[in-house]
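Could you walk me through this model in my viewer, one selection at a time? I would like to know what to pick next and what is there.

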Amino acid sequence: MRYHNITKDDMNNGDGLRVVLWVAGCRHCCKECQNPITWDPDGGLLFDDEAKKELFDNLEKPYISGITFSGGDPLHIANELDVRELINEIKEKYPKKTIWLYTGDSWEDIYESPTIKKVDVLVDGEFHIEERDVTLMWKGSKNQRVIDVQATLSSDNPSVPILHCGDHYGDSIDNVQRCQNAESR
């Protein structure tokens with residue numbers, strides 16, 4: 001696996017202060033993507049023991065809520081196995097830290113993937129410039145969803161995602177649940 005950056009004390013890519021691993025490799029190549037430099041799976045740096053130590057040193061900090069995998073796409077074929085191993089190791093070593101993952105894939109196509117079984121929150125869907133909205137929470141375009149992975153996987157129908165939060169700051173979870181109930185009718 002290759003990566004472009006490890007961001008520390010990040011508050012833009014998930015709840016709380018986080019460490020973000022920006023992986024290399026993405027097949028989606030969304031128009032006006034914020035990180036086109038991360039598309040090439042051969043770009044960036046090799047994720048070696050030194051990079052892993054940097055990541056884990058930051059996860060040791062008590063004020064860090066968890067890690068976010070972004071990029072690029074953590075589920076790109078060049079990344080998925082290494083990301084899965086890293087997720088498993090992080091969950092074992094830091095069970096109270098949350099794991100977020102951004103992917104251009106849709107939930108319906110990946111919910112059975114072993115890589116996401118220990119992810120807490122997944123932001124799915126390609127970025128659509130025509131649906132861009134800078135007021136959205138944790139996502140760039142209206143088609144994307146911020147999914148509570150564990151609640152969804154333990155539900156009666158895991159193919160239907162349960163949202164982690166509303167679209168905008170201040171949206172209550174009650175609002176989200178009302179919207180989901182209306183969509184399922």
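## A tour by selection

Start by selecting Trp100 and Trp138, which are both buried. This is a predicted model, so keep in mind that each stop describes a prediction. The two tryptophans form an aromatic pair of the edge-to-face kind, with 5.6 Å from centre to centre and 75° between the planes. Now colour by secondary structure: Trp100 sits in strand S5, while Trp138 belongs to the loop between strand S6 (121-124) and strand S7 (145-148), so the pair ties together parts that are 38 residues apart in sequence.

Stay on Trp138 a moment longer and check its backbone. Its phi is near 70°, a positive value in a residue other than glycine. For context, most residues other than glycine have a negative phi. Trp138 has 10% relative accessibility and therefore counts as buried, the limit being under 20%.

**Next stop: a second aromatic pair**

How many aromatic pairs does the count come to? There are 4 of them. Select Phe56 and Tyr94 for another one: the ring centres lie 5.7 Å apart and the planes meet at 70°, which is over 60 degrees and so makes the pair edge-to-face. Phe56 is part of helix H1 and Tyr94 is part of the loop between H2 and strand S5 (98-102), so this pair, too, ties together parts that are 38 residues apart in sequence. Are these two residues buried or exposed? Phe56 has a relative accessible area of 6% and is buried; Tyr94, at 8% relative accessibility, is buried as well.

**From Phe56 out to the helices**

Phe56 leads on to the helix packing, so show helix H1 (residues 49-59) together with helix H2 (residues 80-93). Their axes come within 12 Å and cross at roughly 35°. The crossing of H1 past H2 is right-handed. To see the contact, display the side chains of Lys52, Leu55, Phe56 and Leu59 on H1, then those of Leu86, Glu89, Ile90 and Lys93 on H2. By type, the residues of this contact divide into 5 nonpolar, no polar and 3 charged.

**Over to Asp9**

Now centre the view on Asp9, which is found in strand S1 (residues 2-10). Here is another positive phi in a residue other than glycine, with a value near 55°. Asp9 has a relative accessibility of 35%, so it counts as partly exposed. Which residues does Asp9 touch, leaving aside its neighbours within four places in sequence? Select Leu17, Arg18, Tyr63 and Ile64 to see these contacts. Then draw a distance from the C-alpha atom of Asp9 to that of Asn58: the two are separated by 8.5 Å, although they are 49 residues apart along the chain.

**Last stop: two cysteines**

Finish with Cys26 and Cys29, and draw a line between their sulfur atoms. What is the count of disulfides in this model? The count comes to 0 disulfides. The sulfur of Cys29 is the nearest cysteine sulfur to that of Cys26, and the two are 5.8 Å apart. A disulfide needs sulfur atoms within 2.5 Å, so Cys26 is in no disulfide, and Cys29 is in none either. With the surface switched on, compare how they sit: Cys26 has a relative accessible area of 13% and is buried, whereas Cys29, at 36% relative accessibility, counts as partly exposed.

Methods:
Residues are numbered from 1 along each chain as its sequence is written. This is a predicted model: local features need pLDDT of at least 70, side-chain atom pairs count only at pLDDT 80 or more; totals for chains, interfaces and linings use all residues. Side-chain values use heavy atoms; hydrogens and water are left out. Buried means under 20% relative accessible area, exposed over 50%, partly exposed in between (1.4 Å probe, protein chains only). Axes are lines fitted to C-alpha atoms, for helices over the stretch in contact, and angles run from 0 to 180 degrees between N-to-C directions. Helices (H or I, at least four residues) and strands (E, at least two) are DSSP runs, numbered from the N terminus. A crossing is left-handed if the near helix is turned anticlockwise from the far one by less than a right angle, and right-handed if clockwise. Contact means heavy atoms within 4.5 Å. Ala, Val, Leu, Ile, Met, Phe, Trp, Tyr, Cys and Pro count as nonpolar, Asp, Glu, Lys and Arg as charged, and the others, Gly among them, as polar. Rings of Phe, Tyr and Trp (its six-membered ring) pair if their centres lie within 6.5 Å; planes under 30 degrees apart count as stacked, over 60 as edge-to-face and the rest as tilted.
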